[in-house]
Amino acid sequence: MSFHLTEKDGLPDIEFYSMIEDLNGFIWFASDKGLHRYDGKSFKQFSHPDKKGRSLFNLKLGPKGNIWCNNVAGQFFYVNKEELVLFKDYHKELKGYLADYNFFNNRLLIKKRDSISFINIDTKKLQKKNANVGTTSIGISLPNEYLFLDKNNNVVLLDTFYKTTSFSFKNKENLKYFTHFFKFKNLVFIVFRDNIFNGSQLFLVDKHKKETVQIKLPKEIVNSKIERVTAINNTLYLTTNKGIFVTSYKNKEVTIKSNYLKNETVTDVIKDKNDNIWISTLKNGVYIIPNENLKQFNSFNEVQLIKKKNDSICFLGRRNGKLLELNIYTNKQKSIFLNDKTQIRALDYNLKSKKLLYASDFQNLIYTEKAKKNNYLNKFGAIKSVAFINDFTYLISNNSGTFITNFKDKKAITSVRSHESIYSSINKKIYVADVEGLKVFDDKYHKLTNITFKNKPIYGFNIIETNNGIIWVATYDNGLLGIENNKVTIHLNSNNGLASNVINCITADNEALWISTDNGLQYYNNTLNELKVLTKQDGINSYKIRDIEVFKNQILYTNNLGVYGFDKTKIFKQKTKPFIYITNISIQGKPVEIKRKYELAHNKSSVDISFNANEFESAKHILYEYKLNKDKNWYPLREEVDFVKFISLAPGIFEFKLRAKNKFSTNYSNIVKIDFKVIAPFYQRSWFLIGSILIIIGLTIYYIQVKTKQLKKTQAKELEKERISKALVFSQLENLRSQMNPHFIFNALNSIQDYIILNEKKLARQFLVKFSRLIRIYLEHSQETNIALEDEIKALKLYLELEKDRFNDDLTFTINIDKNIRPQTTYVPSLFIQPYVENALKHGLLHKVNNKILNLNFTLNPSKTKIICVIDDNGIGRVASEKIKSRIKLPKSFATQANQKRIDLINSTNSEKIEIEIEDKKDSNNNPEGTRVIIKIPIQ
């Protein structure tokens with residue numbers, strides 16, 4: 001698959017003699033109209049005022065990596081700093097002879113008609129002349145040696161001291177005249193050709209054995225004129241007057257792998273750094289092969305459908321009604337005559353029964369290769385898709401709905417315009433994409449559900465199923481959806497790797513799939529969550545792909561230009577980092593010399609920067625990013641934008657940074673840097689700033705004094721916080737002491753003793769376990785400042801269960817938690833709530849005769865910033881409790897005092913305060929009926 005560049009595409013000529021890629025990735029062309037350089041976007045011509053004639057030949061890289069060329073007038077040129085420089089004019093010595101030349105030992109070697117001149121490149125002086133040189137080629141440079149042929153076609157080896165050794169050819173009388181030398185895998189070869197009659201020979205030079213061996217060539221190459229042989233990786237490319245032969249070499253024999261451009265005289269071939277093959281011709285411009293693994297089959301430009309028959313043969317459905325079988329390996333085709341000239345709308349093939357389900361505008365039928373006649377189905381108009389449910393039942397979608405049909409009757413399962421339907425053999429379901437959305441039916445044809453995405457219908461037009469049972473739906477404007485268990489679990493779009501949200505078609509490839517979009521052909525590996533893309537840089541000549549089919553490792557697709565195929569294991573090229581460079585810098589709209597640093601006046605600081613990357617069609621595939629100074633983020637430019645404009649840079653020093661990457665790659669290029677120094681106006685200069693600095697110093701001193709005072713205040717606050725923190729620790733210990741008071745422990749032990757005396761061993765053991773667990777929890781909680789609400793509630797529940805036993809089960813308690821509270825992640829001060837619960841029991845419920853009820857409720861305040869804990873009892877009330885305490889002279893609750901200290905300490909360090917409210921509950925007659933304690937704790 002190749003792109004043909006002619007003058008219509010901006011190519012400066014159609015007659016080319018030589019090509020080369022330089023060290024920076026530029027492609028150079030020597031043509032009838034001179035020397036041109038391609039930068040991935042446009043062609044630039046290089047010329048010299050003293051150049052004689054238009055044509056230039058023999059592009060080569062010099063010792064310093066620059067480009068050299070020559071002409072028939074005897075002039076030798078090289079490129080330096082964007083200019084073509086005349087090295088020297090040798091017209092008197094060459095006399096119109098187009099000389100071959102080479103480089104050896106930092107010398108320029110020029111072949112005259114019968115000698116080689118050795119010229120010092122630095123001084124341009126002749127250092128040595130070697131006579132008795134034959135044929136048309138100057139020879140070839142080897143490590144520490146130079147190889148050429150003399151007049152008698154003897155092989156001559158010249159070392160760095162200009163000493164020569166030689167050996168002869170066998171059967172010299174049969175040798176052709178015109179020659180070309182090349183190296184391949186450390187071997188040296190010589191090509192001989194007849195320039196009048198077609199005829200070529202190839203010889204291997206064994207300099208160690210001092211002999212030559214003729215290589216066996218195929219007849220097609222023997223009967224052609226070899227212009228040049230280029231070794232690329234492990235392949236030999238032979239440019240001839242019968243196209244280019246791609247060959248392999250083994251055991252002294254050349255084998256043809258393929259033959260391109262058979263009707264062209266090919267002059268040169270190169271492979272650039274991005275693995276694009278460039279082919280120049282003598283009379284028909286340049287061809288570019290972005291990917292040799294992409295092959296074009298016979299030019300079927302009207303193929304609408306591809307359907308796999310087996311691993312090597314497929315059906316092709318054409319717009320004119322012709323049905324073909326194509327062998328993808330031999331490229332042989334066979335026509336299937338179905339007496340139909342209307343457009344083929346849909347195909348499906350049953351691999352087990354070997355039946356083809358065929359639908360056109362004229363007829364619908366089952367085609368079997370060995371059957372004497374076809375089986376015709378009910379006629380449907382405007383068919384969108386067909387599919388096998390089983391060997392005798394078929395699924396058809398058209399503009400009227402979706403139907404189940406066989407040879408006898410048909411049943412409609414939908415009655416609106418349908419785009420596509422499939423039967424899932426894995427899920428045993430039917431999936432239908434129509435104008436109402438995506439629908440699912442069971443294998444009894446009963447509708448199950450409508451599948452939606454983000455509570456909206458899915459409008460799709462292409463449905464496939466991969467081997468892992470995932471249903472994939474190509475939508476009109478929402479990318480690609482993957483569906484499992486009737487729910488969308490995967491969404492691919494342009495934000496997460498899809499080349500475009502506009503999809504043409506999709507095809508399953510085992511558990512992966514191929515996706516055709518209007519920006520490229522993509523392969524998606526669901527297991528690895530990996531998206532790869534093929535674009536025009538990879539040889540995809542049109543994104544209007546109509547259908548895709550998979551044959552093991554081979555992929556076939558059809559678009560508006562033909563049918564193409566490739567090996568999926570070889571098709572994806574490694575994307576190299578782009579080489580970017582500055583092409584133009586303009587200050588105040590005027591171009592200036594490109595430099596590393598610029599100094600600008602403050603009122604002349606408008607800067608335009610243009611740049612480029614040396615890649616084929618780089619403007620469409622390279623994305624640029626830049627940043628200025630120490631910006632953290634890179635700023636991406638839009639597609640096909642290759643310039644940045646700064647309207648006015650402020651006074652100061654700026655470093656402009658630029659980088660680029662391929663649109664579908666993550667490998668960034670080298671970073672290009674340019675420094676700009678914008679000179680400040682007078683009022684920003686030093687003499688003006690000195691006075692300002694003095695004022696600033698004064699203000700600074702004042703500021704330091706203020707900050708010092710503030711710092712002292714901050715230090716004082718920190719010391720106060722430390723004091724409060726220590727006080728909190730003591731407060732926490734007091735809380736622990738209150739919860740483990742001797743009265744509670746004595747009552748608990750007394751209860752255990754009662755159980756033992758009454759021989760209630762089980763109850764004693766249960767009570768003892770609860771008591772020990774509670775003690776352990778209190779000890780654990782005492783080591784923490786805050787604990788999860790869940791742990792606090794567990795401790796409260798355990799404490800209340802012990803107290804309930806002590807109350808002889810005459811206590812009913814409940815603990816309720818609002819569903820909006822997450823007790824596992826909500827924290828409260830440790831050992832905080834229990835003292836209030838203890839007060840409710842000890843002072844409110846203990847003296848109540850019966851029906852003792854305690855309720856604990858945990859809720860959130862309206863702003864959800866505080867936990868509200870309500871301790872509600874139906875005890876005797878605070879007034880009655882105070883009378884009893886005064887009568888028996890009980891001391892004030894130690895736990896209450898400790899908790900109040902702790903509240904004061906916590907509130908002194910936090911903006912959100914803990915609040916305690918106590919309400920006396922009364923009935924309608926104003927008689928006490930309990931107490932309600934409301935604790936509001938900020939959420940930790």
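**A pocket lined by strands, and the aromatic pairs of the model**

Strand 2 (16–21), strand 6 (57–61), strand 10, strand 14 (140–142), strand 18, strand 22 (226–232) and strand 26 (266–271) each contribute at least two residues to the lining of the second largest pocket. The model is a predicted one. The space in this second largest pocket comes to about 1,700 Å³. Its lining is made up of 45 residues, and those closest to the pocket centre are Asn58, Lys60, Asp100, His180 and Arg228. Sorted by class, the lining of the second largest pocket holds 23 nonpolar, 13 polar and nine charged residues.

Lys60 offers a convenient bridge from the pocket to the aromatic rings, since besides being among the residues closest to the pocket centre, Lys60 lies over the face of Tyr101, at 4.7 Å from the ring centre. A second arrangement of this kind involves Lys124, whose charged end sits over the ring of Phe87, 5.3 Å from the ring centre.

Aromatic pairs were then searched for across the whole structure, and 42 were found. In one of them, Phe76 and Tyr101 meet edge-to-face, with 5.4 Å from centre to centre and 85° between the planes. Phe76 belongs to strand 8 (residues 75–80) and Tyr101 to strand 10 (residues 101–104), so this pair ties together parts of the chain that are 25 residues apart in sequence. Phe76 and Tyr101 are both buried.

Phe169 and Phe203 offer another example: their ring centres are 5.2 Å apart and their planes stand at 90°, so this pair is edge-to-face. Distant parts of the chain are linked here, with Phe169 in the loop between strand 17 (164–168) and strand 18 (178–184), and Phe203 in strand 20 (residues 200–206), 34 residues apart. Phe169 has a relative accessibility of 5% and therefore counts as buried. Phe203 likewise counts as buried because its relative accessibility is 5%; the cut-off for that label is under 20%. Beyond these pairs, Phe3, Phe16, Phe29, Tyr38, Phe43, Trp278 and Phe616 form one aromatic cluster.

A closer look at strand 14 completes the picture. This strand supplies at least two residues of the pocket lining, and Ser141 is found in strand 14. Leaving aside residues up to four places away in sequence, Ser141 touches Asn102, Phe103, Phe104, Tyr146 and Lys183. Ser141 and Leu158, which are 17 residues apart in sequence, have their C-alpha atoms 9.6 Å apart in space.

Note on methods: Residues are numbered from 1 along each chain as its sequence is written. This is a predicted model: local features need pLDDT of at least 70, side-chain atom pairs count only at pLDDT 80 or more; totals for chains, interfaces and linings use all residues. Side-chain values use heavy atoms; hydrogens and water are left out. Rings of Phe, Tyr and Trp (its six-membered ring) pair if their centres lie within 6.5 Å; planes under 30 degrees apart count as stacked, over 60 as edge-to-face and the rest as tilted. Helices (H or I, at least four residues) and strands (E, at least two) are DSSP runs, numbered from the N terminus. Buried means under 20% relative accessible area, exposed over 50%, partly exposed in between (1.4 Å probe, protein chains only). A charge sits over a ring if NZ of Lys or CZ of Arg is within 6 Å of the ring centre and within 35 degrees of the ring normal. On a 1 Å grid over the protein atoms alone, a cavity is a set of points where a 1.4 Å probe fits but cannot get out, and a pocket is an open set with protein on both sides within 12 Å along at least five of seven lines; lining residues have an atom within 4 Å of a point. Grid points are joined across faces, edges and corners, and a volume is the space filled by probe spheres set on the points. Ala, Val, Leu, Ile, Met, Phe, Trp, Tyr, Cys and Pro count as nonpolar, Asp, Glu, Lys and Arg as charged, and the others, Gly among them, as polar. Contact means heavy atoms within 4.5 Å.
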